[in-house]
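Trainee: Could you take me closely through one part of this model, the packing of a pair of helices, and then connect that part to what surrounds it?

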Amino acid sequence: MTWLLQILAGFAAQAAPLPPAAAPARSATAAVTKWPTREADFTVRDFRFQSGERLPSLRIHYTTLGRPQRDARGEISNAVMILHGTGGSGKQFLQPQFADELFGPGQPLDINRYWIILPDNIGHGGSSKPSDGLRTRFPAYDYDDMVEAQHQLLSKSFGIRQMRLIMGTSMGCMHSFVWGEKRPGFARALMPLACQPVEIAGLNRMWRQLLVDGIKADPAWAGGDYKTQPIQGLRTAASMLILAGAAPLNLQQSYPTREAATAQVRARMEASLAALEANDLLYQVDASRTYDPWPKLEAITAPVTWINSADDFINPRALDVPQRAIARMPNARFRMIAESAETRGHGTHTWAKFWKADLVDLLARTER
């Protein structure tokens, strides 16, 4: 995928921006790790959503690496679940800036030691979603529904009673906090990356609402029963995603002239319009509407390492939420990654080199 498509796969900048035109292209013979993955589907029968709606059959697609290991009691002891952001899928974590830093021999999540589970959440990737055919008749899922589907995958399909680690980026970060509150003992450790444990309000809600309203204001949307994608509405949506994922210092360094910046953003826009699905995107963004772990933060008793980045438009450094939240979670630590020309704004969460040492520390302090 291009940078823009990776932006759209995780609220902007899940991967690096493309290099400036003057930079040499990556060698076509450069080694790319081929990870030994397994993909499958798990079907939940008669899934009931928080809204009261039901689906007779809910499909959850997932990718795994490594193998389960069992302790003396016969319980799976090495399962790690990594949760993607809005618009993404589990396979996004096979990108080099994430997988090559974490999954190889001797790395923090070495697949010879850990069983890595990468689900596609409801409405995403290969899992059930509006564009399968129901369109706006698809149940109005939210984050609680997504976490419940994850739990059914882990407990009913895999028979897991306790996870070694649950970590997530952006939307997956928020899911980590939901896990900590709803099932405090299910994970030995939690690592949320790039989010806040509060109701989505203020600027964060506003840019999301502009995205949603922009799609629905396009007459071609036709209440969700469009014959072709509502391009003008999607252009508004893609514009908001690009801005929300922007990393000012990195982009200034990569595109230092007016011509380079203009050419690049137009290329990103065109790639986006060729790939977006309007109803799926509306559902994905709207799923955050009920998220608010703030009132029950004290219920999160599992050890937590929470990481945000200073150049994140969606989670700005000036908010005092982390300081107040950490004081209410008995085993939580927080770190803000300093802004630099190398950080990627909101997408810093997928560049493991910036927080790899924090993960090593979390695993060490929760080792039995």
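Mentor: In this predicted model, the axes of helix H5, residues 202–216, and helix H9, residues 278–286, come within 10 Å and cross at roughly 150 degrees. An angle over 145 degrees counts as roughly antiparallel, and that makes H5 roughly antiparallel to H9. The crossing of the pair H5 and H9 is left-handed.

On the H5 side the contact is made by Arg-208, Leu-211, Val-212, Ile-215 and Lys-216, which meet Ala-278, Leu-281, Leu-282 and Val-285 on the H9 side. Sorted by class, this contact of H5 with H9 has seven nonpolar residues and two charged ones, with no polar residue.

H9 itself deserves a further look. Eight of its nine residues are buried, so H9 is largely enclosed by the rest of the structure. The buried residues are Ala-278, Asn-279, Asp-280, Leu-281, Leu-282, Tyr-283, Gln-284 and Val-285, and what covers them includes both H5 and helix H6, residues 231–244. At the N-terminal end, H9 is capped by Glu-277, which has a side-chain oxygen 3.1 Å from the backbone nitrogen of Asn-279. Asn-279 thus appears both in this capping contact and in the list of buried residues of H9.

From H9 one can move on to H6, since H6 is among the elements that cover the buried residues of H9. H6 also packs against helix H8, residues 258–273, at an angle of about 125 degrees and with the two axes 10 Å apart. H6 and H8 are therefore oblique to each other, and H6 passes H8 in a right-handed crossing. The residues of H6 that take part are Ile-231, Leu-234, Arg-235, Ala-238, Ser-239 and Ile-242, and in H8 they meet Val-265, Arg-268, Met-269, Glu-270, Ser-272 and Leu-273. By class, the contact of H6 with H8 has seven nonpolar, two polar and three charged residues.

The loop between H5 and H6 holds Ala-220. With a relative accessible area of 35%, Ala-220 is partly exposed. Leaving out residues up to four places away in sequence, Ala-220 touches Tyr-226, Thr-228 and Pro-230. Between Ala-220 and Gln-232, which are twelve residues apart in sequence, the C-alpha to C-alpha separation is 8.4 Å.

Another helix pair can be set beside these. The axes of helix H3 (143–157) and helix H4, residues 171–182, come within 10 Å and cross at roughly 70 degrees, and that makes H3 roughly perpendicular to H4. H3 contributes Tyr-143, Asp-144, Met-146, Val-147, Gln-150, His-151 and Leu-154 to the contact, while H4 contributes Met-171, Met-174, His-175, Val-178, Trp-179 and Lys-182. This contact of H3 with H4 has eight nonpolar, three polar and two charged residues.

The loop that runs between strand E4, residues 115–119, and H3 is the place of Ser-127. At 0% relative accessibility, Ser-127 counts as buried. Not counting residues up to four places away in sequence, Ser-127 touches Arg-59, Ile-60, His-61, Asp-120, Asn-121 and Asp-132.

Ala-79 offers a case from a strand, as it lies in E3, residues 79–83. Ala-79 is buried, with a relative accessible area of 0%. With residues up to four places away in sequence set aside, Ala-79 touches Trp-115, Ile-117, Ile-160, Met-163, Arg-164 and Leu-165. For one of these, Arg-164, the C-alpha atom is separated from that of Ala-79 by 5.4 Å, although the two residues are 85 residues apart along the chain.

Finally, Thr-348 lies in the loop between strand E8, residues 332–337, and helix H11, residues 356–365. Thr-348 counts as buried, at 1% relative accessibility. A polar atom of the Thr-348 side chain lies 2.9 Å from the backbone oxygen of Gly-345. Leaving aside neighbours within four places in sequence, Thr-348 is in contact with Ser-309, Asp-311, Ile-337, Thr-343, Phe-354 and Trp-355. The C-alpha atoms of Thr-348 and Asp-145, which are 203 residues apart along the chain, are separated by 27 Å.

Notes
Residues are numbered from 1 along each chain as its sequence is written. This is a predicted model: local features need pLDDT of at least 70, side-chain atom pairs count only at pLDDT 80 or more; totals for chains, interfaces and linings use all residues. Side-chain values use heavy atoms; hydrogens and water are left out. Axes are lines fitted to C-alpha atoms, for helices over the stretch in contact, and angles run from 0 to 180 degrees between N-to-C directions. Helices (H or I, at least four residues) and strands (E, at least two) are DSSP runs, numbered from the N terminus. Angles under 35 degrees count as roughly parallel, over 145 as roughly antiparallel, 65 to 115 as roughly perpendicular and the rest as oblique. A crossing is left-handed if the near helix is turned anticlockwise from the far one by less than a right angle, and right-handed if clockwise. Contact means heavy atoms within 4.5 Å. Ala, Val, Leu, Ile, Met, Phe, Trp, Tyr, Cys and Pro count as nonpolar, Asp, Glu, Lys and Arg as charged, and the others, Gly among them, as polar. Buried means under 20% relative accessible area, exposed over 50%, partly exposed in between (1.4 Å probe, protein chains only). A polar contact is a pair of N or O atoms within 3.5 Å; within protein, one must be able to donate a hydrogen and the other to accept it, and residues adjacent in sequence count only if both atoms are side-chain atoms.
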